[in-house]
Amino acid sequence: MLAAGFDSLLNFMLFLIFTGFAVTAIVFAAMAREDAYRAAEKQTKKFWLIILGINLVLNLLLPMLFLQIAGLIAAIVFMVDVRPALAQVSGGGRGGRRGGGSSSDGPYGPYNGGR
């Protein structure tokens, strides 16, 4: 009895995590510009929207663990490989600089070489 309850809770938590990750990935894929995909030399925006959309639909309509894991892998590839490349091409790279800045800028301003 207790094991069945734990199993159903675990399945529900996996469903929420996988579906949430799929929604997040498809939102990021939809927000990026089409030309950024070409500039980053990645698959097209349409390709990623189709793959991630199929992932989301399968998670919602056919919650089988094998299909969920396959969809999770596609979403992870997008989030780990494609999204950072799109951000770099679009000028939204990491570092928190909003005005561009120089490559020699440190966290507190320009680095002057110890002068």
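Here is a short walk through this predicted model, one selection at a time.

**The whole chain**

Start with everything shown as cartoon. You should find four helices and two strands, running α-α-α-α-β-β along the sequence. Switch to a surface if you like: the accessible area is about 8200 Å², and carbon and sulfur atoms own 67% of that. Of the 115 residues, 23% count as buried. As for contacts with a separation of 6 or more, 63% of them join residues 24 or more positions apart.

**Colour by confidence**

Now colour by pLDDT. The average is 83, and 77% of the residues score at least 70. Select residues 45-61 next: this is helix 3, where confidence is highest, at a mean of 92. Then jump to residues 105-106, strand 1, where confidence is lowest, at 65. Where pLDDT is low, don't read the predicted coordinates in detail.

**Helix 1 and its patch**

Go to residues 2-31, which make up helix 1, and pick out L9 there. Add F12, M13, L16 and I17 to the selection: together with L9 they make a nonpolar surface patch of about 480 Å². How exposed is L9? L9 counts as partly exposed because its relative accessibility is 47%, and the cut-off for exposed is over 50%.

**Salt bridges**

Time for sticks. There are three salt bridges in the whole structure, so here they are in turn, with nitrogen and oxygen marking the contact in each.

- Select R33 and D35. Their side chains meet at 3.0 Å, N to O. R33 is partly exposed at 45% relative accessibility, and D35 is partly exposed too, at 35%.
- Move on to E34 and R38, whose side chains form a salt bridge at 3.7 Å, N to O. Both sit in helix 2 (residues 34-39), and they are separated by about one helical turn because they are four residues apart. E34 is partly exposed, with a relative accessible area of 32%, whereas R38 is exposed, at 56%.
- Finish with D81 and K42, a salt bridge at 3.1 Å, N to O. This pair links distant parts of the chain: D81 belongs to helix 4 (residues 65-90), K42 to the loop between helix 2 and helix 3, and their positions lie 39 residues apart in the numbering. D81 is partly exposed, with a relative accessible area of 39%, and K42 is partly exposed at 28%.

Methods
Residues are numbered from 1 along each chain as its sequence is written. This is a predicted model: local features need pLDDT of at least 70, side-chain atom pairs count only at pLDDT 80 or more; totals for chains, interfaces and linings use all residues. Side-chain values use heavy atoms; hydrogens and water are left out. Patches are made of residues with over 30% relative accessible area and no salt bridge: like charges are joined within 9 Å, nonpolar side chains (Val, Leu, Ile, Met, Phe, Trp, Tyr) within 5 Å. Accessible areas come from the Shrake-Rupley method with a 1.4 Å probe; for residues, only the protein chains shown count as cover. A salt bridge is a side-chain nitrogen of Lys or Arg within 4 Å of a carboxyl oxygen of Asp or Glu. Buried means under 20% relative accessible area, exposed over 50%, partly exposed in between (1.4 Å probe, protein chains only). pLDDT is the predictor's confidence in each residue, from 0 to 100. Contact means heavy atoms within 4.5 Å.
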